[in-house]
Amino acid sequence: QIYQGNCWLIFHDPHLMTFLRAHDIFFQTYAVMFGIIQRRQDSPSAFHILSTVSRELTETIQSSNPDNVATQPIATEATIMLAYLVHSNIGIIPRAAATAHQHENSPSSIKAVIQHLTPDRIEKLERAIPALMKGEKLYTSVSFVNALEGAILIHWMHPDTNEEVVVSDLIHPGSVEVQQTHPGHIFVAYDAERKIRKEFVVGAGYGEEQQFRVEL
């Protein structure tokens, strides 16, 4: 048996998907590109994750066969999305309005991507794809644990001017401050007398969490 439905159902109707799996009904999806790829403007951070995976896999595929670039499989954002669905045992009905789309949607390109879908990459896609479908912006959540004996203040450093802007109230010893930010941003913690200065660089990606301890 085959059940056809919009790609939205895969991520936002768990009861349906559980029912289909329990009754061995194969799910086949349509409107993949419209529901996800075309919403990149609504959720640029989520699309950034998809693009990062695309660049990584493109480099991997090209390095494995550098002499035949013209005939190599490709790993665009669209290819990544289709490969993820096939890897998840979801049937796809992709459209191909141009020759480039045929290359993106080709079995050889999808197969090449699936071979390199590591658990880490799959986890990233499972964060990015639902956010793209909803048009939600993803941020990086960072928490600052005050392990000092006195209160501290957290500052955000402007990436262009290096100006340090206060972004928290006083954080007392043992307390935690949470900020929503972007990968690569820099925060600075000062004690109340500004004698102690600790700088922290956000290393987590979009949709991830990172904790910093402010200590001597």
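Here are some worked exercises on the predicted model shown above.

**Exercise 1. The chain as a whole**

Work out whether the chain is a compact globule or more spread out than one.

*Solution.*
Step 1. Begin with the inventory: the chain holds eight helices and ten strands.
Step 2. Compare the radius of gyration with the globule rule. The chain has a radius of gyration of 22 Å, while the rule gives 17 Å for 216 residues, so the chain is more spread out than a compact globule.
Step 3. Turn to the extents. The C-alpha trace spans about 65 × 45 × 25 Å along its principal axes.
Step 4. Add the burial: 41% of the 216 residues count as buried.
Step 5. Finish with the contacts. Taking those between residues at least 6 apart in sequence, 65% join residues at least 24 apart.

**Exercise 2. Surface and charge**

Find what share of the exposed area carbon and sulfur atoms supply, and how many Å separate the mean positions of the positive and negative charges.

*Solution.*
Step 1. The exposed area of the chain is about 12000 Å², and carbon and sulfur atoms supply 51% of it.
Step 2. The chain carries 16 positive and 24 negative charges.
Step 3. The mean positions of these two sets of charges lie 3 Å apart.

**Exercise 3. A three-stranded sheet**

Set out the order of the strands in the open sheet and say whether the pairing is parallel or antiparallel.

*Solution.*
Step 1. The order is E1-E2-E3, with parallel pairing.
Step 2. Identify the edges. Strand E1 (2-6) and strand E3 (91-92) each pair on one side only, which makes them the edge strands.
Step 3. Follow the E1 side. Five bridges connect E1 with strand E2 (residues 26-30). Among the partners, Ile2 is matched with Phe26 of E2, and Gln4 with Gln28 of E2.
Step 4. Follow the E3 side. E2 and E3 are joined by two bridges, again in the parallel sense. Here Gln28 has Gly91 of E3 as its bridge partner.
Step 5. Put the pieces together at Gln28: this residue is the bridge partner of Gln4 and also of Gly91.

**Exercise 4. Helix H5 and the residue after it**

Explain why H5 can be called largely enclosed, then state the sign of phi at Asn89.

*Solution.*
Step 1. Count the buried residues. Eight of the eleven residues of H5 are buried, so the helix is largely enclosed by the rest of the structure.
Step 2. Name them: Ala78, Thr79, Ile80, Met81, Leu82, Ala83, Tyr84 and Leu85.
Step 3. Move just past the helix. Asn89 sits in the loop between helix H5 (77-87) and E3.
Step 4. Look at the backbone there. Asn89 is not a glycine, yet its phi is positive, about 65°. For background, most residues other than glycine have a negative phi.
Step 5. Check the exposure of Asn89. Its relative accessible area is 56%, and the cut-off for exposed is over 50%, so Asn89 is exposed.
Step 6. Look for a second case. Asn162 also has a positive phi, near 65°, and lies in the loop between strand E5 (152-157) and strand E6 (164-166).

**Exercise 5. Three residues and their surroundings**

Place Lys134, Thr18 and His185 in the chain, and decide for each whether it is buried, partly exposed or exposed.

*Solution.*
Step 1. Lys134 belongs to helix H8 (residues 119-134). With a relative accessible area of 40%, Lys134 is partly exposed.
Step 2. Beyond its neighbours within four places in sequence, Lys134 contacts Trp8, His12 and Arg39. Phe11 is 123 residues from Lys134 along the chain, but their C-alpha atoms are separated by 10 Å.
Step 3. Thr18 is found in helix H2 (residues 14-22). Its relative accessibility is 46%, so Thr18 counts as partly exposed.
Step 4. From Thr18 to Ile74 the sequence separation is 56 residues, and the C-alpha to C-alpha distance is 33 Å.
Step 5. His185 occupies the loop between strand E7 (176-181) and strand E8 (186-191). Buried means under 20%, so His185, at 18%, is buried.
Step 6. Leaving out residues up to four places away in sequence, His185 touches Trp156, Phe200, Val201 and Val202.

Note on methods. Residues are numbered from 1 along each chain as its sequence is written. This is a predicted model: local features need pLDDT of at least 70, side-chain atom pairs count only at pLDDT 80 or more; totals for chains, interfaces and linings use all residues. Side-chain values use heavy atoms; hydrogens and water are left out. Two strands pair if DSSP finds at least two bridges between them. Helices (H or I, at least four residues) and strands (E, at least two) are DSSP runs, numbered from the N terminus. The radius of gyration is taken over C-alpha atoms; the globule rule is 2.2 Å times the number of residues to the power 0.38. Buried means under 20% relative accessible area, exposed over 50%, partly exposed in between (1.4 Å probe, protein chains only). Contact means heavy atoms within 4.5 Å. Accessible areas come from the Shrake-Rupley method with a 1.4 Å probe; for residues, only the protein chains shown count as cover. Lys and Arg count as positive and Asp and Glu as negative; His and the chain ends are not counted. The place of a charge is taken as NZ of Lys, CZ of Arg, CG of Asp or CD of Glu.
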